[in-house]
Structures are given as structure tokens and as C-alpha cells.
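User: Please examine the model shown below and discuss how its secondary structure elements are arranged.

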Amino acid sequence: MTDRFCALTAVLWDMDGTLIDSEPYWHESELIIARDAGGDWDKEMAWQCSGTPVPEVARKMIERGTRLDADEIGRRMIAHVARREFERVPWIDGVLAVLESLSAAGIPSVLVTTSPRDMAVNLIAHAPAGSFAGYVCGDDEVAKKPDPAPYLAAARIVGVDGSADADAMARLLAVEDSPTGLASAVASGATTVAQTKYTQIDTSHGPQFASWDGYDGVTAESCEALIRYRLCRR
């Protein structure tokens, strides 16, 4: 990290809807499972559950008549999405350039996802080399979003103890797209940005510090400027 980047410590990335446009894969899995098991489920319901941990989605599908237990629904959802992502990682337009810009500036990224470990590892394996310092995933023994625990765990990967140093936490930029994820990131103290382009959920009145509609113009420099702006307002 150089003097040009003295405010921004790291960028913490949610996966679905921020790094990859995978919501269609998740929704596809839910619709297939509900159809095959007698459930009442549609795309609107699927969008309402975007960013929600899989067991909670499964519970809601059961409430809507899906005749499988939550474990089986979750297993089928994850297997479907994993297969699709292993076939092709659906990177969001422009995000690979952002990761490369951060890496060139010496700014590490950390993945913060409720998806299983193999899906997190697959994404990192296809990211620009050296972009990610680590990850927090759904298989880790931490409380799930909207609890701040996943973001606090991600902060520790880059040497920040968020429970003891609020100013250090504010130097971490978190990128999320769902209400559940935004609540988690904001509660951790990270400077939180909502990615709005790839969701049908209106987060315009959410708790985030700023919003991005895609990644045009997003660079390591613009991320640094955003952190500096927040620190000036604290």
C-alpha cells in the first residue's frame, strides 16, 4: 500500500449480486424444486429472498407448500447453483477490472458469503491472481447475515479487530446488494456500499453509506476517496 492509498485498508465483497450475477441460478433452483415438490413459488418470491441464508429460504418454501424438508431443499439448491457456477462463473460486468485495480494498488479483497466453501473457493480460483486475501463462507462457524459476525470475521483476516477499533473498521469498504447483507455490513461498522444494478429489491433507502449502479468508474482510487470522505464526516 502506498501513500496514495492510506485510508482504505481492504474491500470486503459479498458474492451473489455484487461479484457475480448468480441470482438467476438461485431463483432457477428454487422454481425447479418448488415445481417438482408441489410448492407455490414464483420469481417475485425468489427476489424477496435474495441474500437470505439458504435454510431460511427453504423454510419459506415449505410454508408455501414445498413437500421436502429444509435440509433436502437446501441440498438441492446448492447442488444446482454449484453446478451452474462450476460451468461458468457469471462475473458482473466491470468487477474484474475493479479487483485488478485494487490488487495493483496493494489493497486486498476478502469474500464474505453465505454460500458453501466449495463455491467460495471456486470463485476465488477464477478471480485475478492475488486479489483475495481470504474468505468467510456459510460453512464457517459464525453467525449468519444480518448479524455483523461475518464482516467482523472478514476484518480479522486483514488484521482489523472491529470489536475494539471502530475507526479501523470504517477503513474497510464493504460491497453488498441485499437488505440482509447491507444490515450485516453496516452493523459491523464497515463503510458500506449498495450495489443496486443486479437486484430487483429497492435498497435506495437502506442503511448504506453510498450506492453504485454497476462498476463504471469504480477504481482503487475512487474506493480510497469514498473512505476518505466517510472519515472526514465521522
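User: In what order do the strands of the open sheet lie?

Analyst: This is a predicted model. Its open sheet is formed by 6 strands, and their pairing is parallel. The edge positions are held by strand S3 (132-136) and strand S6 (210-212), each of which pairs on one side only. Read across the sheet, the order is S3-S2-S1-S4-S5-S6.

User: By how many degrees are neighbouring strands of this sheet turned against each other on average?

Analyst: The value ignores strand direction. On average, the turn between neighbouring strands is 25 degrees.

User: Which residue in S4 is the bridge partner of tryptophan 13?

Analyst: Strand S1 (residues 10-13) pairs with strand S4 (residues 172-176) in the parallel sense, over 4 bridges. For tryptophan 13, the bridge partner in S4 is valine 175.

User: At about what angle to S4 does helix H10 run?

Analyst: Helix H10 (residues 220-233) lies across S4, strand S5 (191-195) and S6. Helix H7 (residues 149-157) lies across S1, strand S2 (109-112), S3 and S4, and runs at about 150 degrees to S3. For H10 relative to S4, the angle is about 110 degrees.

User: Why are the buried residues of H6 on the same side of the helix, and which elements do they pack against?

Analyst: In helix H6 (residues 117-126), the buried residues are Met119, Ala120, Asn122 and Leu123. They lie on the same side of H6 because they cover an arc of only 160 degrees around the axis. These buried residues pack against helix H1 (23-36), helix H4 (70-87), S2 and S3.

Terms used
Residues are numbered from 1 along each chain as its sequence is written. This is a predicted model: local features need pLDDT of at least 70, side-chain atom pairs count only at pLDDT 80 or more; totals for chains, interfaces and linings use all residues. Side-chain values use heavy atoms; hydrogens and water are left out. Two strands pair if DSSP finds at least two bridges between them. Helices (H or I, at least four residues) and strands (E, at least two) are DSSP runs, numbered from the N terminus. Axes are lines fitted to C-alpha atoms, for helices over the stretch in contact, and angles run from 0 to 180 degrees between N-to-C directions. Contact means heavy atoms within 4.5 Å. Buried means under 20% relative accessible area, exposed over 50%, partly exposed in between (1.4 Å probe, protein chains only). The arc is that of the directions from the helix axis to the C-beta atoms.
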